[in-house]
Amino acid sequence: HVLRHIVRLELAQAIQLLEGWLRSHPDAVEARVLLGRIRFRQGDVNGAFANATRAIEQQPRCAAAYRLRAAICYETGIDGGALQDCDRCLDIDPDDVSALELRSLLHARNGDMVGMEADCTTILRLRPKCPNDPPCDEAIPPEPGGLAEAPLLRIVPKGGRRTPVWPRNVR
């Protein structure tokens with residue numbers, strides 16, 4: 001409990017620092033995305049969504065902002081918005097494994113096994129030499145007890161094949 005309190009204090013300080021930076025540098029898109037990620041981690045979904053949207057308005061080709069907003073939509077059950085933002089992120093950066101992992105989860109949650117398989121195939125193509133590594137953690141900022149604590153997708157060897165393994169709440 002003490003560690004969580006310290007982390008919350010540090011995140012609060014990071015928010016203050018980023019907000020101050022953005023007051024003097026309002027076009028700092030990377031800082032805005034980072035502020036959104038921190039707000040999301042703290043449970044401020046509206047603040048996180050507002051920061052991601054503002055970053056997209058400022059820089060429409062910011063893949064990280066679309067990825068963040070997709071993660072927010074995913075966690076809040078707005079699958080249509082999450083899928084749309086994953087697609088936009090992947091239009092900008094087709095090799096964004098985190099967006100592919102998130103989109104594959106959306107496909108699985110909505111029963112689109114063909115879409116899920118296609119995304120898994122692409123992930124394996126992009127990461128052929130490290131199939132057991134946990135995925136990049138940028139798609140969803142970690143939060144205690146949330147989906148983000150576990151990797152979005154793990155690829156494990158089974159009988160000579162690499163097989164996707166999904167978090168329990170997706171199956």
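**View 1. The residue D85 is found in helix α5.** In this predicted model, D85 has a relative accessibility of 2%, and because buried means under 20%, this residue counts as buried. When its neighbours within four places in sequence are left aside, the residues in contact with D85 are Y66, R69 and A70.

**View 2. Helix α5 runs from residue 79 to residue 92.** With 14 residues at 1.5 Å a residue, α5 should span 20 Å, and the distance of 20 Å between its end C-alpha atoms agrees with that expectation. The buried residues of this helix are D79, G81, A82, D85, C86, C89 and L90. They cover an arc of only 165° around the axis, and therefore they lie on the same side of α5. On the face that is turned away from this buried side, the helix carries the exposed residues G80 and D91. The cover over the buried residues of α5 includes α4, which comprises residues 63-75, and α6, which comprises residues 97-109.

**View 3. Helix α6 is largely enclosed by the rest of the structure, because twelve of its 13 residues are buried.** The buried residues are V97, S98, A99, L100, E101, L102, R103, S104, L105, L106, H107 and A108. These buried residues of α6 pack against α4, α5 and α7, the last of which covers residues 113-126. As for its length, the 13 residues of α6 should span 18 Å at 1.5 Å a residue, and the end C-alpha atoms are indeed 18 Å apart, which agrees.

**View 4. The side chain of R109 is placed over the face of Y74.** The distance given for this arrangement, from R109 to the ring centre of Y74, is 3.9 Å. Pairs formed between two aromatic rings are a separate matter, and for rings whose centres would have to lie within 6.5 Å, the count comes to zero aromatic pairs.

**View 5. Two stretches of the chain, residues 136-158 and residues 160-171, have pLDDT values that stay under 50.** For residues 136-158, the model nevertheless has 71 contacts beyond four places in sequence, while for residues 160-171 it has 35 contacts of this kind. Over the whole protein, the average pLDDT is 80, and 70% of the residues score at least 70.

Terms used:
Residues numbered from 1 in each chain as written. Heavy atoms only, no water. Helix = DSSP H or I, 4+ residues; strand = E, 2+ residues; numbered from the N terminus. Expected span 1.5 Å × (residues − 1). Buried < 20%, exposed > 50% of the residue type's maximum accessible area, 1.4 Å probe, protein only. Arc of directions from axis to C-beta. Contact = heavy atoms within 4.5 Å. Phe/Tyr/Trp six-rings, centres within 6.5 Å; stacked < 30°, edge-to-face > 60°. Lys NZ or Arg CZ within 6 Å of the ring centre and 35° of its normal. pLDDT = per-residue confidence, 0-100.
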